[in-house]
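Welcome to a short set of exercises on pockets, strands and backbone angles. Have the viewer ready and try each task before you read its solution.

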Amino acid sequence: MTKIVGVRFKPVGKIYYFNPAGLDLKSNDSVIVETSRGIEMGKVAAPPHEIDESKLTKPLRDVIRLATQSDIDHANDNHEKEREALKICSEKIAKHNLEMKLIDV
C-alpha cells in the first residue's frame, strides 16, 4: 500500500495524485507541487489515504510543502492578471471580428 494525496489546480478540475511526503495535509490546504509544467500551487481535494500500489500511475511526485501566505498572495495576483488578459483578448477578438470563443487564459 502507498499513501497518496489528491490535489486540484482548478476549482472543478481533475484530481492529480501526489506523495504527501510525510506532511500533515487536510482538505483545502494549499500545497506546492512539481508537475510536468513546473512548480504549481493546488488545493488538497482528497486527504492522504492509502491505495494499492498496482493502481498507481508512476512516477508519483512529492508534495514539496504547504503553501505560504506569500505563495497564496502571488497566486491571487496571477488570477487578477488572468482576468485582465481575458478582458483584453475578448476585446481584440471583437475588434477583429474573429469567429472564436475564448475559453481560458
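**Exercise 1.** How much space lies in the second largest pocket? Then work out what lines this pocket.

*Solution.* Keep in mind that the model is predicted.
- Start with the volume: the second largest pocket holds about 520 Å³ of space.
- Next, look at its wall, which is made by 19 residues. Nearest the centre you will find Phe 9, Lys 14, Tyr 16, Tyr 17 and Phe 18.
- Now assign the wall to elements. β2 (15-18) and β3 each give two or more residues, and β2 gives the most, with 4 residues.
- Finally, sort the lining by class: 8 residues are nonpolar, 4 are polar and 7 are charged.

**Exercise 2.** Which element provides the largest share of the lining of the largest pocket?

*Solution.*
- The largest pocket has a volume of about 790 Å³.
- Its lining counts 25 residues, with Phe 9, Met 41, Ala 75, His 79 and Glu 82 closest to the centre.
- Two or more lining residues come from each of β3 (30-35), β4 (38-51) and α1 (69-95).
- The largest share belongs to α1, with 10 residues.
- By class, the lining of the largest pocket splits into 9 nonpolar, 6 polar and 10 charged residues.

**Exercise 3.** Do β3 and β4 pair in the parallel or the antiparallel sense? Trace the pairing of β1 with β4 as well.

*Solution.*
- β3 and β4 pair in the antiparallel sense, over 6 bridges. One bridge to find in your viewer joins Ser 30 to Lys 43 in β4.
- Check the connection: β3 and β4 form a hairpin, with 2 residues between them.
- Turn to β1 (residues 2-8), which also pairs with β4 in the antiparallel sense over 6 bridges. Here Val 7 stands opposite Val 44 in β4.

**Exercise 4.** Where are Ala 21 and Asn 28 placed, and why does Asn 28 count as exposed?

*Solution.*
- Begin with the general expectation: most residues other than glycine have a negative phi.
- Ala 21 has a positive phi, near 50°, and Asn 28 has a positive phi, near 75°.
- Locate them: Ala 21 is in the loop between β2 and β3, and Asn 28 is in the loop between β2 and β3 too.
- Asn 28 counts as exposed because its relative accessibility is 56%, and the cut-off for exposed is over 50%.
- Ala 21 has a relative accessibility of 39%, so Ala 21 counts as partly exposed.

Conventions
Residues are numbered from 1 along each chain as its sequence is written. This is a predicted model: local features need pLDDT of at least 70, side-chain atom pairs count only at pLDDT 80 or more; totals for chains, interfaces and linings use all residues. Side-chain values use heavy atoms; hydrogens and water are left out. On a 1 Å grid over the protein atoms alone, a cavity is a set of points where a 1.4 Å probe fits but cannot get out, and a pocket is an open set with protein on both sides within 12 Å along at least five of seven lines; lining residues have an atom within 4 Å of a point. Grid points are joined across faces, edges and corners, and a volume is the space filled by probe spheres set on the points. Ala, Val, Leu, Ile, Met, Phe, Trp, Tyr, Cys and Pro count as nonpolar, Asp, Glu, Lys and Arg as charged, and the others, Gly among them, as polar. Two strands pair if DSSP finds at least two bridges between them. Buried means under 20% relative accessible area, exposed over 50%, partly exposed in between (1.4 Å probe, protein chains only).
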